[in-house]
Amino acid sequence: MTQHLKHFIEGAHTESADGARLNLINPVDEEVYATAASGTADDVGRAVAAAHAQLYGGAWSKLNGTHRAALLNNLAALVERDLEILADMDARAIGRSRMEPRMMDVPNAVAHLRAAAGWANQLEGRTIPTGGYMGVRTLSYTVREPVGVVAAIVPWNSPLMITTWKLAALLAAGCTVVIKPSEETPQSALHLAALCQEAGFPDGVVNVVMGLGHVVGRALCEHPQVAKISFTGSPEAGAAIQRIAAPLFKRVTLELGGKSPQIVFDDARFDDAVRGCAMGLFINQGQVCAAGSRILVQKGIAGKFSAALAQAAKSVAVGDPSQEGVQMGPVAKQAQYERVNRYIQLGIDEGAELLAGGVSDSAKGWFVRPTIFGKASNQMTIAREEIFGPVGTVIEFETEEEAIALANDSAYGLAATVWTSNLERAHKVAGAIRVGAVGVNCWSPLDANLPWGGLKTSGIGREGGLPGALAYTEEKVITVLLP
């Protein structure tokens, strides 16, 4: 039976103002499994009005940090209760193995909610000594206030987890929100909003408007009562958001992907590095902003390592992820299938050595073979541009200095991994790479207590940890005359 999804505005499921709908397509069999309301500017206006009313004079505005923390903990318990439901929603929408969201995405979402609950009553101001006012003593202090109504624009690759990164922090800070999920993967955001209502959040604090980016996303970015935009997606869309936000003086947080290097030195634990690089490449079909798709390998072990990584790619069982033994499903949508195959063909045309995989020709479903290129250069297109699929490029280096230079020779700066047994080298190289996060002998961990975000084209701002909560506040100064 085809599901019929509606927006969630002010605590109620509602159709679009014009009744328009979008089809949701299963990437495994290319069949329509649900339809979703396709929002308009009027729908956005209703959702923003509800969020604004709660923030300025509504029940939500009267709750303190302790109350917000209690509600966040309630929500965390409900997400944990519905782990199977939420994991299945995201797995089906993306064509992903059900194991991955069960083990990673949903537990990570729960952890972010609980961590944010801990910050909700800890967002403290400061007392600041001054020289007084015209010879009279003063008491000056600051308070942290919510930045306002937030537009949270979420991608399709890890919908629940990334939605929760934004939602947990902004709720801890006292903001309200209109969530715009990807048009391909709105289900878990809708379920999460319903859980917010069950947890006790006042109606209108959390709203979800589905639809196309150029309609719903643009309307949110342009709305005068939206104070901040938190976006995860492509650099091109992020740049467009900045152009809209700049003349309106809106706050922005942008996480815009990456081309993350994994640097493998010849003193690394070989098998661990192979397994780690494979995970960094192939998890979620390579549809991860921090995917370690540039494999920089020291020359002495490059041939052996490339062969081992290629064998790891060949051993991945690709197919319907609901079937036993299948490790990798399809990519999430037809446009992505065509994009990944186009880059694979570019790698071949530019002269990289195809060691595993290659261009796919799937009769039904958007299945891409895990692909490894060897003997590549950092100037090839497959090493410069984000592919967002299960494609890795092996590039040789000789010295630490060359490895650092190659790692930094990228428009992106989100994450990196250093594989080495030398502690001094690990610290030196990690410190020299210009990225937001470095994992040493591990893929960059996504922990609720750690800030996450990038440099350069990878974006602006941080999510997670204390910086993630503070990003949804403004610091107000209050000065009292003490005659």
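This is a short talk on the sheets, helix contacts and salt bridges of one predicted model.

Hi everyone, thanks for coming. Please keep in mind throughout that we are looking at a predicted model.

Let me start with the sheets. One of them is an open sheet of seven strands, in the order 15-16-17-14-13-19-20, with mixed pairing. At its edges sit strand 15 and strand 20, residues 437–440, and each of these pairs on one side only. If you ignore direction, neighbouring strands in this sheet are turned by 25° against each other on average.

Let's zoom in on one pair. Strand 16 and strand 17, which covers residues 391–397, run parallel and are joined by three bridges. Which residue of strand 17 stands opposite isoleucine 372? That would be glycine 392. A helix also packs on this sheet: helix 13, residues 400–408, touches strand 13, strand 14 and strand 17. The direction of helix 13 makes about 145° with that of strand 17. Hold on to helix 13, please, as we will come back to it.

Before leaving this region, a word on glycine 365. You will find glycine 365 in the loop between strand 15, residues 353–356, and strand 16, residues 371–374. Is glycine 365 buried or exposed? Its relative accessibility is 1%, so glycine 365 counts as buried. Leaving aside residues up to four places away in sequence, glycine 365 touches Pro27, Val28 and Glu30. For a sense of distance, take threonine 185: it is 180 residues from glycine 365 in sequence, and their C-alpha atoms are 17 Å apart.

Now to another sheet. Here three strands form an open sheet in the order 1-5-4, again with mixed pairing. Strand 1, residues 3–5, and strand 4, residues 21–25, have a single partner strand each, so one side of each is left without a neighbour in the sheet. The average turn between neighbouring strands here is 25°, direction ignored. Strand 1 pairs with strand 5, residues 32–37, in the parallel sense over three bridges, and histidine 4 stands opposite threonine 35 of strand 5.

On to helix packing, with two pairs to show you. In one pair, helix 3, residues 83–94, and helix 6, residues 187–199, have axes that come within 9 Å and cross at roughly 160°. Helix 3 and helix 6 are therefore roughly antiparallel. Helix 3 brings Ile85, Leu86, Met89, Asp90 and Ala93 to the contact, and these meet Gln187, Ser188, His191 and Leu195 of helix 6. By class, this contact of helix 3 with helix 6 has five nonpolar, three polar and one charged residues.

The other pair is helix 2, residues 65–81, and helix 5, residues 159–172, which pack at about 155° with axes 9 Å apart. That angle makes helix 2 roughly antiparallel to helix 5. Arg68, Leu72 and Leu75 of helix 2 make the contact with Leu167, Ala168, Leu171 and Ala172 of helix 5. What classes do the residues between helix 2 and helix 5 fall into? Six are nonpolar, none is polar and one is charged.

Finally, the charges. How many salt bridges does the structure hold? There are 27 salt bridges, and I have picked out three examples.

Aspartate 272 and arginine 275 form a salt bridge, with the closest N and O atoms 2.6 Å apart. Why about one helical turn between them? Because aspartate 272 and arginine 275 are three residues apart in helix 9, residues 270–282. Aspartate 272 is partly exposed at 32%, whereas arginine 275, at 54%, counts as exposed.

Next, lysine 299 meets glutamate 398 in a salt bridge, 3.7 Å from N to O. This pair links distant parts of the chain, 99 residues apart: lysine 299 is in helix 10, residues 299–314, and glutamate 398 is in the loop between strand 17 and helix 13. Lysine 299 is partly exposed at 48%, and glutamate 398 is partly exposed at 49%.

And here helix 13 returns. The side chains of glutamate 401 and lysine 428 meet in a salt bridge at 3.5 Å, N to O. Glutamate 401 lies in helix 13 and lysine 428 in helix 14, residues 423–432, so the pair ties together parts that are 27 residues apart in sequence. Lysine 428 is partly exposed, with a relative accessible area of 44%. Salt bridges that share partners join Asp267, Glu400, Glu401, Arg425 and Lys428 into one network.

That's my tour. Thanks for listening!

Terms used: Residues are numbered from 1 along each chain as its sequence is written. This is a predicted model: local features need pLDDT of at least 70, side-chain atom pairs count only at pLDDT 80 or more; totals for chains, interfaces and linings use all residues. Side-chain values use heavy atoms; hydrogens and water are left out. Helices (H or I, at least four residues) and strands (E, at least two) are DSSP runs, numbered from the N terminus. Buried means under 20% relative accessible area, exposed over 50%, partly exposed in between (1.4 Å probe, protein chains only). Contact means heavy atoms within 4.5 Å. Two strands pair if DSSP finds at least two bridges between them. Axes are lines fitted to C-alpha atoms, for helices over the stretch in contact, and angles run from 0 to 180 degrees between N-to-C directions. Angles under 35 degrees count as roughly parallel, over 145 as roughly antiparallel, 65 to 115 as roughly perpendicular and the rest as oblique. Ala, Val, Leu, Ile, Met, Phe, Trp, Tyr, Cys and Pro count as nonpolar, Asp, Glu, Lys and Arg as charged, and the others, Gly among them, as polar. A salt bridge is a side-chain nitrogen of Lys or Arg within 4 Å of a carboxyl oxygen of Asp or Glu.
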